[in-house]
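Here are a few short exercises to work through with the structure open beside you. Try each task before you read its solution.

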Amino acid sequence: MGYNPYKPRARGLFDPNHTEPYRLSRSKIDLFIECPRCFYLDQRLGLPRPSMPGFTLNNAVDELLKKEFDIHRKDISTHPLMKAYGINAVPFAHKEMETWRDALRHGIQYYDKKNNIILRGGIDDVWEASDGKLHIVDYKATSKKSEITLSDGYKRQVEIYQWLFKQNGFPVSDTAYFVYANGKTDNKAFDAKLEFDVCVMPYTGSNDWIPEVIDHMYQCLIGESVPGKGTSSGNVCEHCDYRETVGKALYSLHVQGGKSEKPKTSKKETYEEAQTSTLF
Ligand code: SF4
């Protein structure tokens, strides 16, 4: 049998009896805000949501933008895009920059003593303004004909980075910047190249909500019951609809004594009972 990415993982799970600090990335804070149930399934039971395909073209744009801004970081000079948008800053030169950018292993970190949790996030860039304040910068790539707008998730992302830098004692501006590359589709032909319009979008956020969310996340983690399903907007997401539909189909086979799912008990459970017992 091949590799099953949905086999519950045993490593890196939250254990309420552990005394070691528990590590949570920025994306897990977002998962908790989106839906505490999937957060719990992931962090306590090792059952993550299905992964998305890798955005390799977006990653390529990220890499190239990093290289481009790194030239100006080394030269302590203002990038033409910053000049075009009247931003009086230079890319921040700091010995930890590559560590902060390493989202998988490091990122910028902060130990929350109250909840014994280490929070971390991997940034794209930081710009240092002439007044010494730091602007968090995130690179984004898309291809849209309609106007580009910032999603709530993107806004939360930079707010968490701002907060992490503040907790590390840096003077952080409440204004973050998105460097947005928009792939053009109005060229006559592909000609083995993709052209982009690049703009800078400022966003002024707030970090006030973060400590309370961390407290709620901790309470969720130490709880012994799985939170109810539903996203923060009160809806059930596509994954849940899928699980529900498949679950009902399998349950139907189960109660009929179908070939694929033989009944394990003579008791006729309702679908809801089966959800909490052996099947789902
Ligand atoms: S609605 Fe369901 S699948 Fe979606 S995030 Fe919540 S528990 Fe997970």
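**Exercise 1.** This is a predicted model. How many residues lie between β5 and β6 in their hairpin, and which residue in the turn has a positive phi?

*Solution.* Start with the pairing: β5 and strand β6 (residues 134-142) run antiparallel and share four bridges. One of the bridge partners to find is L134 in β6, which pairs with E128. Now follow the chain through the turn: four residues separate the two strands, and G132 has a positive phi of about 90 degrees.

**Exercise 2.** Work out whether strand β5 (residues 125-129) is enclosed or open to the outside.

*Solution.* Go through the strand and count neighbours, taking a residue as buried if 20 or more other C-beta atoms lie within 10 Å of its own. Four of the five residues of β5 turn out to be buried, so the strand is largely enclosed by the rest of the structure. Next, look at its pairing with strand β2 (residues 89-91), which is antiparallel over three bridges. There, A129 of β5 faces A89.

**Exercise 3.** Give the strand order of the open sheet and find its edges.

*Solution.* Five strands line up as β2-β5-β6-β7-β8, with mixed pairing. β2 and β8 (196-204) are the edge strands, each pairing on one side only. For a parallel pair, take β6 and strand β7 (residues 175-183), joined over six bridges; V137 stands opposite Y177 of β7. Finally, add a helix: α6 (residues 152-167) lies across β6, β7 and β8, at about 150 degrees to β6.

Terms used. Residues are numbered from 1 along each chain as its sequence is written. This is a predicted model: local features need pLDDT of at least 70, side-chain atom pairs count only at pLDDT 80 or more; totals for chains, interfaces and linings use all residues. A residue is buried if 20 or more other C-beta atoms lie within 10 Å of its own, exposed if 12 or fewer, and partly exposed in between; C-beta atoms are placed from the backbone. Two strands pair if DSSP finds at least two bridges between them. Two residues are in contact if their C-beta atoms, placed from the backbone, lie within 7 Å. Axes are lines fitted to C-alpha atoms, for helices over the stretch in contact, and angles run from 0 to 180 degrees between N-to-C directions.
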